[in-house]
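The exercises below are meant to be worked with the sequence and the model side by side. Try each task before reading the solution that follows.

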Amino acid sequence: MNKTLASTAAIAVGAVLTVQASLPAQASSNSTFNSTSNPVLFVHGYTGDASNWNTMANRFKTDGWPSSYLDQWSYDWRQSNAATAQQLSTEVDRLLAATGATKVDIVSHSMGGLSSRYYLKNLGGTSKVDAWVSLGGPNHGTDSANSCFDTSCTEMRIGSSFLATLNSGDETPGSPRYATWWSACDTVINPDSSVSLSGAANTQTACLSHTDLFTDATVYAQTRDMINR
């Protein structure tokens with residue numbers, strides 16, 4: 001190889017390495033993670049915690065998402081969903097600053113859909129969220145909340161003032177892409193129709209329990225493909 005070709009090749013290799021260094025490390029050559037993928041913020045539900053997302057987060061890692069892009073967030077599930085939304089806003093900003101991304105994707109389970117929707121609708125979240133997912137969310141209430149009395153739980157009751165305000169007007173405001181998944185075998189969310197939102201892509205799953213929704217492989221793949229556009 002002559003000096004000119006060698007120099008050109010060195011420059012090309014250096015440019016490739018520079019581009020690669022600017023992206024988070026990927027887990028495999030078959031990765032579905034790419035330069036336009038957003039960090040994912042997971043929001044658990046009532047009585048849940050960050051560990052609820054271990055199975056799904058590990059699947060994202062297998063598909064190439066770096067750990068820094070997978071935020072298994074915990075909060076006090078007893079407090080009002082409005083208070084949680086305020087903390088969620090802070091966490092979104094922290095995640096954006098940590099990753100250098102301009103937007104996040106939110107994947108929520110059950111009651112986690114309510115605080116994250118409140119954030120989108122009332123706290124400017126629509127400008128920072130690209131895609132929002134609700135897995136078995138009590139978006140229009142559930143009768144199972146009649147037997148618990150924490151502030152957050154009473155807000156999940158059918159006809160609560162919190163839900164009336166949250167669902168008033170546009171249920172899917174702004175530019176984010178909205179999607180929900182619901183199961184006819186979910187005995188926690190009653191009625192089943194509570195999950196679906198006007199303006200969202202609403203998907204019925206196979207016969208899955210409430211907690212199966214965040215561990216099922218098919219739901220994971222559909223969620224991954226929905227947010228990773």
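**Exercise 1. Locate S110 and T47 in this predicted model, and state what is unusual about the backbone of each.**

Step 1. S110 is found in the loop that runs between strand 3 (104-109) and helix 4, and its phi is near 55°, a positive value in a residue other than glycine.

Step 2. T47 lies in the loop between strand 1 (40-43) and helix 2, and here phi is near 65°, again positive in a residue that is not glycine.

Step 3. Most residues other than glycine have a negative phi, and most peptide bonds are trans.

Step 4. The second half of that rule has an exception too, since the peptide bond from N190 to P191 is cis, with omega near 5°. P191 is found in the loop between strand 5 (177-182) and strand 6 (201-204).

**Exercise 2. Describe the largest pocket: which residues lie nearest its centre, and how does its lining divide by class?**

Step 1. The volume of the largest pocket is about 230 Å³.

Step 2. Of the 19 residues that line the pocket, Y46, T47, S110, V188 and H210 lie nearest its centre, so that T47 and S110, whose phi values are positive, appear again in this list.

Step 3. Sorted by class, the lining of this pocket holds 8 nonpolar and 11 polar residues, with no charged residue.

**Exercise 3. Find the cavity in the model, and work out which helix gives the most to its lining.**

Step 1. A search of the whole structure for cavities of 30 Å³ or more finds 1, and the largest cavity has a volume of about 40 Å³.

Step 2. The residues that line the largest cavity are R117, L120, K121, L166, D170, E171, P173 and Y178.

Step 3. Helix 4 (residues 112-122) gives the most to this lining, with 3 residues.

Step 4. By class, the lining of the largest cavity has 4 nonpolar and 4 charged residues but no polar ones, whereas the lining of the largest pocket has no charged residues.

**Exercise 4. Characterise the packing of helix 3 (residues 81-99) against helix 4: are the two parallel or perpendicular?**

Step 1. The axes of helix 3 and helix 4 are 8 Å apart, and the helices pack at an angle of about 70°.

Step 2. Angles of 65 to 115 degrees count as roughly perpendicular, and helix 3 and helix 4 are therefore roughly perpendicular to each other.

Step 3. The crossing of helix 3 past helix 4 is right-handed.

Step 4. Helix 3 makes the contact through N81, A82, T84, A85, L88, S89 and V92, and helix 4 through L114, S115, S116, Y118 and Y119; these residues divide into 7 nonpolar and 5 polar, with none charged.

**Exercise 5. Treat helix 2 (residues 54-62) and helix 7 (residues 217-227) in the manner of the previous exercise.**

Step 1. Helix 2 and helix 7 pack at an angle of about 55°, and their axes are 11 Å apart.

Step 2. That angle makes helix 2 oblique to helix 7.

Step 3. Helix 2 passes helix 7 in a right-handed crossing, and the contact is made by M56, R59 and F60 on helix 2 together with A217, Y220, R224 and I227 on helix 7.

Step 4. The residues of this contact comprise 5 nonpolar and 2 charged, with no polar residue.

Methods: Residues are numbered from 1 along each chain as its sequence is written. This is a predicted model: local features need pLDDT of at least 70, side-chain atom pairs count only at pLDDT 80 or more; totals for chains, interfaces and linings use all residues. Side-chain values use heavy atoms; hydrogens and water are left out. On a 1 Å grid over the protein atoms alone, a cavity is a set of points where a 1.4 Å probe fits but cannot get out, and a pocket is an open set with protein on both sides within 12 Å along at least five of seven lines; lining residues have an atom within 4 Å of a point. Grid points are joined across faces, edges and corners, and a volume is the space filled by probe spheres set on the points. Ala, Val, Leu, Ile, Met, Phe, Trp, Tyr, Cys and Pro count as nonpolar, Asp, Glu, Lys and Arg as charged, and the others, Gly among them, as polar. Helices (H or I, at least four residues) and strands (E, at least two) are DSSP runs, numbered from the N terminus. Axes are lines fitted to C-alpha atoms, for helices over the stretch in contact, and angles run from 0 to 180 degrees between N-to-C directions. Angles under 35 degrees count as roughly parallel, over 145 as roughly antiparallel, 65 to 115 as roughly perpendicular and the rest as oblique. A crossing is left-handed if the near helix is turned anticlockwise from the far one by less than a right angle, and right-handed if clockwise. Contact means heavy atoms within 4.5 Å.
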